[in-house]
Structures are given as C-alpha cells and as structure tokens.
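I opened this notebook page to record what I looked up, strand by strand and then along one helix.

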Amino acid sequence: MSGHDLAVIGAGPAGLSAAVQAAELGLKVVLLDEQASPGGQIYRALEQASPALQAMLGPDYSYGAQLLGTMRQSPVDYRAGASVWQLNREREIGLLQAGKAQFISAARVLIAGGAQERPFPIPGWTLPGVMSAGAGQILLKGGALKPAQAVVLAGCGPLLYLLAWQYLQAGVRIAALLDTTPKANYRAAAPLLPGALGLPGYLRKGLRMLRAIRRAGVPVHKHVTGLRALGSTRLEAVEYQQQERWQRLDTSLLLLHQGVVPNVQMSRVAGCGHDWNENQLCWTPTLDEWGNTDIDGIMVAGDNGGILGARAAELSGRLAALESASQLQRIDQAERDRRAAPLHKQLQRERKARRFLDVLYRPLPQFRIPADDATLVCRCEEVSAGEIRRTVELGCLGPNQTKSFCRAGMGPCQGRMCGLTVAEIIAQQRGVPVAEVGYYRLRAPLKPITLGQLADAAE
Amino acid sequence: MSLFQTLTDVQPSAQASVQITLQDQVHQVPANLNVAAALLLCGYSQCRSTPVSGAPRAPYCMMGVCFDCLVEIDGVPNQQACLTPVREGMVVRWQDGKASLDQLEAEL
C-alpha cells in the first residue's frame, strides 16, 4: 500500500495528459501502463521511432512527442510493463510488473485504458493470416514491420484508410481495399457535415488520404456487403460481396477494421455503471462532465469513456486532473472551472465532429451480427452465432446466462472479442434494445496471473 | 514464407539483435520486437492450437486484447506474446490444444 493522490491506468493521450496536469497541480501521481514504452496505441513506440519511420507514419504520430517529453520531465512516477489485473471500489489496484504482483492504492483512480477495435466476426476470421488493421499498424510503429506480400484491407473507418496511406508510404502493395461503408451512410451523415466542418483539419486530412489511396492505383471496391476469409490451416483467399455478386481474391494476409470501441474491462471489473451508446454501438461507462463514474474517486478519461479520438482524449484527461485536484483540495472549484472552461468548449467541438464519423462509418448489421449460424463469435471457446441464438431459444435473456449455457466469453479474453456481438445477437433474437440484455459480469483477474504470484501479492 | 518483413530503409542497420528460441529453432531477431512480432517475422503462421477444436491460431490484435497469441515463455504458460518484449536467451514454445497435468503428475 502506498499514498498516491492519483493512480492513472494507461499511458496513452488521456493518461499522459492527466498525469502531467495533475503533477503540475501538486498531486503525487503514479502512471501505470502495460506496454514497454509510453504512448498508448496512438503514440506507440514513438520515443524509439527513427525520423524516417515517423515521416512514414505521418504528423499525427509525431505530434505525441511533446506530450511524451513533458511526462518524462515531470515528477510523475511512470511504471512501464505494469499490468493491472484488479481494481475494486476501495481503489485498490492489483498490479503485475516483471512477474511480481502487488497491491497499491490511491486517493483517486483514473482509468484511461483507451479503445480496442470493434469485433469483426466474419466466416474465417480466426484463421492465421487474418488480423486487425490495428495490428498491422502496431507492427509498423513498434517493430518497423510491413507485410511481405500484397495485403487486402477490409472494412471502414479512419484507421483503415490511415493504415492504407501509411502502407503506401512504406512501399507495401495493397491488393485491394474492400470498403464496407454503406451508400446510405453518406446520405445519413451529410446533415452532420457542418459539425465536422467545425474542425476542418480532420476532413481535409481524411480527404487527402483517400485521394492519395486512389491516385496510387489501389483497387478500392466500395459498398461491400459481405466478406469471407477462406483457408484450411491459414488464409488463402478472401471473398467479398458487391451488388449481390461474390468475387474472390487470393491473398495470404487480410487486415480487418470497422471502428474502435471503449475498452471497458477495467471500469466493469470495478463495478462502475455503464450505458449502451446507440450512436457508437458500444457500452460506455456512465460519466459526468469531469469523467467521474458512479463510484466515488474512480474516473474515466479518453476513448475509454466513449470514442472521441486522441486530441479529445488529451482534453478529457486534463479535465479529470483538474477535478481530482479540486476534490483533493489542491485548487478550489472556481480555479478548476476557470481552467476547465476552454477545455470543455474544445471538447464540445470534438464531439460534434465525431458525430459525423459515427454516422458515416456506422458498420452494417451483418458485420456485427453474423447471419451465417456457423460463423464463430467467441474466438476463445469457439462458439458460433448459431449456438448463441440457440441459447436464446432456450430462454437465455442476456450474455451472463448465455455464457453458462455455451461458454461464450469464458475464455482467456474474458469477452473482449465477443461481448458486443453476443449482446447484439441476443437483443436481435429477443427483439429488445441491447441496453436491456446487458453485458457479461467481469471478475478479476483481468490479466493472466499465476497462483504463486497471487499468493505473493496477498502477503 | 513470412507474412511480415523488416522495413530496412527506416531502421538503423546496426540495430541491436537478440537470440531467442522459438519451438526449438534458434533465431536472431531485432531487440525492439515483442514475441508476437518476432514469431511473425520469423515466418511462423501459428503459435498455438485451440483447446476446443485444435484449430491453428496466430496473433490477431497485437495489443493485448484477443489473447490469441498466448504462448509458453521460459516455462511459464499463457503469456501474451504481444505484450512481452524479446530478451536474449528467451525460450518460447507454442501451446497446443488443452493444457495437461500429465507432466506435472509425472514430476510429482
């Protein structure tokens, strides 16, 4: 046990800016992160990246250098390679670092675990050779690794196009970009364009990237309505459906992406309340304007609280730090509000711009709720969409009952890869809103830990 | 044939490397990689088979979410390869199928 004022979990943009801001206000801050170096996924391995690699990845990556530098200069107690496997309402944090488990506690805890990619359950998505687009980008950032042969990218959303652009800079051959953005989304998003124009930098960058992809001669197949990954022991081909017709592409590497969703494992295990967010089709922790959850002293910032992107994550991180300093009486409320006012205003602009992206890249139902009964939904326990549907026929009302009937969500990933799909399948079968079927009840440990390590921590 | 290769033009050529063992094969890999990236670079198309059907699996998300890259590292099973940096002399083994107590029982 130790006397930290604020423990920040996650060293991405939200966690970094919160930790720096809180330390500046005189709080004793510990910053816990499971990666080997700070930056989260967005600024991953930036401190080690060569200038040439940074140029290849683009200015939004290098932008994080200042934040990382400020953190390194600050008195923040940053701990790399520190996995959090437990968090409870008493704000006790179970930590695993270099194979040693321990507990620490803090007056306040900020969860800034960021986002994960939305599950993309298509037939064959468990085959070796099928990975997420985020994985492709992580290999580029963290290891300077690029696909050795032509790659097929499929799905929709800013990250997919950014990766395509980055791959082109890296000289990677893109065999095809299978774009699943439905035509109807363009019409639905059009009225929200003024909101996006409030932050015109995003649109300009996006359009420039898409133009560059077209100019490079990448075959872009639009409005794809079906995807299948084929192969026996590894990926051999991708089939895609366009205007009712199925076509085949031979490839050894398929990278999938259809947006990101909050990583709610930590806030769930702590017991925080969550709401179904119909705009973003995901669960978000219930938060006030500062990032307070419904548990005293536990806060959430950044994409972990709802997807708004890296710049917004910095803003919400700083807001959470101001609130923490105010709660711990380092600054008064008037000072908090004075400093927060411009941040709230900027955050509001980010929210408006995000609505445009949410609507434009809202994934099609068939890519979230597999129509084919044989498609695997739970990768760990290999439970298919059909088996989930059968548990509903048997009377299961939500993911927890379904889990005990068919083991979906019971494997090592603890539902991270199937939770959203299972909840949406059950809701569809029952004909009720997803909010009504709920989510898995999560329990510690959130990360693999041996009994020996657990015993050592308890001593 | 590897799915991934090093971008030589952005990586300093005199980059440090470490020696690791993957499934009894010794490999020299860049020191900045994690185990999952290293096994992809070395051309392995799977790092475990599932306990349920025995289907082959390989790293999927590379960010600690999917747990498809679970491997045995220096004798400790269920390690997330994508979150573990490579170290000189590291010994990595695939996890095939269900875990078994046979070996443990034999030792007892």
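I took two strands as paired if DSSP finds at least two bridges between them; helices (H or I, at least four residues) and strands (E, at least two) are DSSP runs, numbered from the N terminus. This is a predicted model, in which local features need pLDDT of at least 70, side-chain atom pairs count only at pLDDT 80 or more, and totals for chains, interfaces and linings use all residues. Residues are numbered from 1 along each chain as its sequence is written, while chains are lettered from A and ligands numbered from 1 in the order in which they are written.

Entry on strand β2(A). I looked up the bridge partner of A:Ala7 in β2(A) and found A:Val30. Strand β1 (residues 4–9) of chain A runs parallel to β2(A), and four bridges join them. Between these two strands the chain passes through helix α1 (residues 13–24) of chain A, a right-handed β-α-β crossover (with the strands pointing away from the viewer, the path from the first strand over the helix to the second runs clockwise).

I then turned to strand β3 (residues 77–79) of chain A, which is parallel to β2(A) and joined to it by three bridges. A:Tyr78 of β3(A) stands opposite A:Leu31.

Are the faces of β2(A) covered? I rephrased this for the record: which residues of β2(A) are buried on each side? A:Val29 and A:Leu31 are buried on one side, A:Val30 and A:Leu32 on the other (buried: 20 or more other C-beta atoms within 10 Å of its own, exposed: 12 or fewer, partly exposed: in between, with C-beta atoms placed from the backbone).

Entry on helix α6(A). I noted that nine of its twelve residues are buried, among them A:Trp165 and A:Gln166. Just after α6(A), A:Gly171 takes a positive phi of about 80°.
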